[in-house]
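Please read the points below with the model open beside you. They go through the sheet, the helices packed around it, the cores and one buried polar residue.

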Amino acid sequence: AFLDAEEVGMHGARAVFNHYNNWLEDINIVINVESRGHTGPVYLFETSENNSKMIDFYKNAGFPYTFSASSEVYGMMPNNTDLTIFIDNGFNCLNLATLDDLEYYHTENDNYSNIDKDSVASYCNTLLPLLDEYTSNSKYSKLDYFDSSSNSVFFTVFPNVLVSYT
């Protein structure tokens, strides 16, 4: 789903819940593609609770970049994204964003002409391996596959090396 009106009440995400409830019954993971900054690598900055299977899945991303502490810090901030509604409704979620160079964020310069091509490549390098893994491995077809009773501590130690443990 492509959602809009996040900053004025998350109307797009709310509309999904109000109008597509039957469709949502068949979803076992939600990946939000966000952008706070206009440059930099794609960063996993938030997960829903009991994330151990989602983090194991995220290890399939091209160049996974994350630290579990960021999810804790983000959770204390008064910010929301479209993913907030999905998390609040019990979905298994990953929240990804570029975070560098905030000077264009929510200004007239926050437009297509200022999108960093290297950041777009980072989104592709992160998301395409995840989509390939998800669509080619039958284990993800189980609606409860990502359900877990534990959280993982996780962090990137070197490029493309993600360590996690419960």
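1. Two strands are counted as paired if DSSP finds at least two bridges between them, while the elements themselves are DSSP runs numbered from the N terminus, helices being H or I runs of at least four residues and strands E runs of at least two. On that basis an open sheet of three strands has the order β1-β3-β2, with mixed pairing. Its edge strands, each pairing on one side only, are β1 (30-33) and β2 (39-47). Neighbouring strands of this sheet are turned by 25° against each other on average, direction ignored, where axes are lines fitted to C-alpha atoms (for helices over the stretch in contact) and angles run from 0 to 180 degrees between N-to-C directions.

2. A word on the basis of these values. This is a predicted model, in which local features need pLDDT of at least 70 and side-chain atom pairs count only at pLDDT 80 or more, whereas totals for chains, interfaces and linings use all residues. Residues are numbered from 1 along each chain as its sequence is written, and side-chain values use heavy atoms, with hydrogens and water left out.

3. The mixed pairing can be followed strand by strand. Strands β1 and β3 run parallel and are joined by four bridges, and in this part of the sheet valine 33 stands opposite leucine 96 of β3. Strand β2, by contrast, runs antiparallel to β3 (residues 93-100), and six bridges join the two; threonine 39 has aspartate 100 as its bridge partner in β3, and valine 42 has threonine 98.

4. How much of β3 is buried? Six of its eight residues are buried, so that strand is mostly covered, where buried means under 20% relative accessible area, exposed over 50% and partly exposed in between, with a 1.4 Å probe and protein chains only. Helix α6 (residues 117-136) lies across β1, β2 and β3, running at about 45° to β2; contact, here and below, means heavy atoms within 4.5 Å.

5. The largest nonpolar core has 18 residues, and those with the most contacts inside it are Ile29, Leu44, Phe57, Tyr58, Leu94, Leu96 and Phe146. At least two residues of this core come from each of β2, α3 (52-58), β3 and α6, and α3 gives the largest share, four residues. A second, separate core of 11 residues includes Leu24, Ile85, Phe86 and Phe91. A nonpolar core is taken as a set of buried Ala, Val, Leu, Ile, Met, Phe, Trp, Tyr and Cys residues joined through side-chain atoms within 4.5 Å.

6. Asparagine 92 deserves a look, in the loop between α5 (83-88) and β3. Asparagine 92 is buried, with a relative accessible area of 10%. Its side chain makes a polar contact of 3.1 Å with the side chain of aspartate 147, and a polar atom of that asparagine 92 side chain lies 3.3 Å from the backbone oxygen of asparagine 28. A polar contact is a pair of N or O atoms within 3.5 Å; within protein, one must be able to donate a hydrogen and the other to accept it, and residues adjacent in sequence count only if both atoms are side-chain atoms. Leaving aside neighbours within four places in sequence, asparagine 92 is in contact with residues including Ile29, Met54 and Phe146.

7. In α1 (residues 11-19), the buried residues are Gly12, Ala13, Val16 and Phe17. They cover an arc of only 140° around the axis, which puts them on the same side of α1; the arc is that of the directions from the helix axis to the C-beta atoms. The face turned away from this buried side carries the exposed residues Asn18 and His19, while the buried residues of α1 pack against α2 (21-24) and α5. Valine 16 itself has a relative accessible area of 7%, and its C-alpha is 9.8 Å from that of isoleucine 85, although the two are 69 residues apart in sequence.

8. Helix α4 (residues 68-76) has as its buried residues Ser68, Ser70, Ser71 and Tyr74. Seen down the axis, these fall within an arc of 150°, so they line one face of α4. Glu72 and Met76 are exposed on the other side of α4, and what covers its buried residues includes β2 and β4 (153-158).
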